[in-house]
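Let's take a look inside this chain and see where empty space is left. Start with the structure below, then read on.

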Amino acid sequence: MIARFAALLAGCAPDPGPAPVGCADPAAREDGWFDTIALPGEAADTHRFWGAGLAAFDVDLDGDQDLLIPGPDSARLLINDGHGGFADGPTPPGDYERAVGASVADMDADGDLDAYVSRWGPPGVLLRNDAGTLTDVTSAAGLAVDAHAQSSAWADVDLDGDLDLLVAGHGPIDDSGDQIVIPGPGDPSRLWLNDGSGTFTDGSARIPNRMHDAYTFVVTFAALDDDPVPDLLMSNDYPVWESGLAAIGGPAEFAVDAGLGLNVRAAGMGLAAGDWNDDGVEDFLVPVWDRLEARASTAGVWVDATEALGFTLPPRTETWVGWGAELADLDLDGDLDAVVAFGHLDVASSLTAGGVESANALDQPGLVYLNEDGTFVERTAQIGLDWRGTSRGFVVTDLDGNGFPDIARRDLDGPITIHLARCDASSWIAVEFADPVAAVGAVVDLTTNGRVQRRTVHAGGTSLASATAPRLLFGSSGAHPIDSIEVAWPDGASTSATVPGWRTTAVVDR
């Protein structure tokens with residue numbers, strides 16, 4: 001096993017080009033943490049699902065993350081200049097009418113990241129990346145199947161060394177008078193097993209019928225037990241039909257497990273995953289129709305910790321309909337903060353399927369909850385994040401190379417908004433992977449001053465219909481050196497190494 005580490009410049013920004021605003025200045029964030037860039041985008045004809053998500057990954061292989069913007073009726077590729085500036089690149093091939101969002105993974109094991117775009121009704125689009133050129137290989141791969149799809153995620157389900165694809169099935173609804181009616185099962189979620197030769201086999205029979213019947217927004221691969229087979233968590237819409245569901249993965253099928261505490265009976269519309277209590281197990285935050293649901297791990301199960309952790313919402317007149325969510329260390333103090341998107345939904349009836357009033361504000365702000373000694377406190381205004389609109393999915397990742405987490409988000413009224421984080425003197429280190437296939441599902445432990453921070457690599461399955469490259473960002477509130485980085489690979493192998501200091505990018509190889 002070899003650990004290879006590539007260090008960026010010791011300063012906050014890469015050369016060439018100017019350093020970001022306030023770089024290495026301790027007071028740089030006193031009047032706000034972000035500089036905001038708004039790019040024109042395509043507006044959706046209704047505030048529903050298409051045009052919900054985006055993906056951040058290095059399409060042109062120049063070392064920074066570009067943005068794939070699918071839907072609502074076309075697709076755009078925004079090329080990063082390395083400093084958080086974006087310009088239109090080649091138009092992605094394929095049909096993107098009512099495209100919802102995207103996930104990214106190295107599906108052909110050639111070292112670069114490919115993308116899958118889900119669509120509302122027609123078949124999704126599989127884009128193979130060949131040294132910076134995207135090709136539509138949907139039909140050749142055997143994926144040209146109609147479905148009302150939402151998010152997608154990747155993992156090695158059958159443990160054969162390549163990445164399989166899971167696509168969340170949702171579905172159309174009816175109304176009866178003044179109330180939404182669920183007419184029957186949603187479109188099934190589909191599991192596509194990667195054959196390793198550019199084609200996929202339908203493995204959906206591994207998924208229990210309850211999961212197929214659900215109206216699912218987000219499918220997440222997670223480690224809910226100790227074996228190497230990925231487990232599954234679903235954030236499901238319309239809980240009067242089917243609650244959120246968790247299932248343990250086995251050699252031939254997934255089995256729903258109601259005893260885990262993760263079958264959340266709420267209109268789940270997004271999902272965030274991360275270890276916010278430092279116990280070595282991921283916790284989950286689910287935005288729903290009228291509240292947030294936080295599930296914290298304890299003694300092998302997950303308990304409702306929403307109130308105890310401080311996840312409250314403003315009045316309904318402001319923020320009500322939750323969508324994407326992510327856990328990320330925005331202040332680089334070593335623990336995970338929460339970012340949640342909210343946005344207007346065009347409703348078909350005055351009452352939801354559960355009989356709740358469906359009216360909701362046209363303009364809703366996103367919220368940031370900072371982790372302050374184990375309690376999450378809403379600090380959106382205090383950090384100067386001006387986030388209003390009709391949001392759905394978003395990504396949190398470093399887009400301008402300064403080591404600090406940025407936010408890129410969609411708005412169904414058109415704008416693509418990028419919040420570039422100002423950098424101060426905080427400590428940070430990014431962990432990347434030489435093998436993007438082996439990275440998916442890997443768990444990275446960073447130890448500094450006796451404290452262990454744990455992060456898990458997901459390939460889609462968090463936020464909502466949005467995804468980033470396999471890259472993890474760690475921070476520290478002190479000037480203590482990094483003691484070690486340990487990577488536990490999905491197959492049980494491990495890589496251990498010590499790094500020289502902060503403000504670097506560690507590229508870990510098997």
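## The second largest cavity

The lining of the second largest cavity breaks down into 11 nonpolar, four polar and two charged residues. Here Ala, Val, Leu, Ile, Met, Phe, Trp, Tyr, Cys and Pro count as nonpolar, Asp, Glu, Lys and Arg as charged, and the others, Gly among them, as polar. Those lining residues number 17, with Tyr116, Val145, Ala147, Ala149 and Val167 nearest the centre. At least two lining residues come from each of β7 (114–121), β10 (147–155), β11 (164–169) and β14 (190–194). Strands (E, at least two residues) and helices (H or I, at least four) are DSSP runs, numbered from the N terminus.

The volume of this second largest cavity is about 100 Å³. A cavity is a set of points, on a 1 Å grid over the protein atoms alone, where a 1.4 Å probe fits but cannot get out, and lining residues have an atom within 4 Å of a point. Points are joined across faces, edges and corners, and the volume is the space filled by probe spheres set on them.

## The largest cavity

How many cavities of 30 Å³ or more does the structure hold? There are five, and the largest has a volume of about 540 Å³. β20 (272–274), β24 (322–328), β30 (391–397), β35 (451–456), β37 (467–468) and β38 (471–476) are the elements that give its lining two or more residues.

In total, 28 residues line the largest cavity, and Glu326, Leu327, Val396, Arg471 and Leu472 sit nearest its centre. By class, that lining has 12 nonpolar, eight polar and eight charged residues.

## The chain as a whole

The chain has four helices and 41 strands. Its radius of gyration (over C-alpha atoms) is 21 Å, which agrees with the value near 24 Å for a compact globule of 510 residues; that rule is 2.2 Å times the number of residues to the power 0.38. Of the 510 residues, 61% are buried, meaning under 20% relative accessible area with a 1.4 Å probe, protein chains only.

## How far to trust it

This is a predicted model: local features need pLDDT of at least 70, side-chain atom pairs count only at pLDDT 80 or more, and totals for chains, interfaces and linings use all residues. Residues are numbered from 1 along each chain as its sequence is written, and side-chain values use heavy atoms, leaving out hydrogens and water.

Mean pLDDT (the predictor's confidence in each residue, from 0 to 100) is 92 for the chain, and 95% of residues reach 70 or more. Over residues 1–19, though, pLDDT is below 50. Where pLDDT is low, don't read the predicted coordinates in detail.

Note on methods: Contact = heavy atoms within 4.5 Å. 1 Å grid on protein atoms, 1.4 Å probe; cavity = no way out; pocket = protein on both sides within 12 Å on 5 of 7 lines; lining within 4 Å. Buried < 20%, exposed > 50% of the residue type's maximum accessible area, 1.4 Å probe, protein only.
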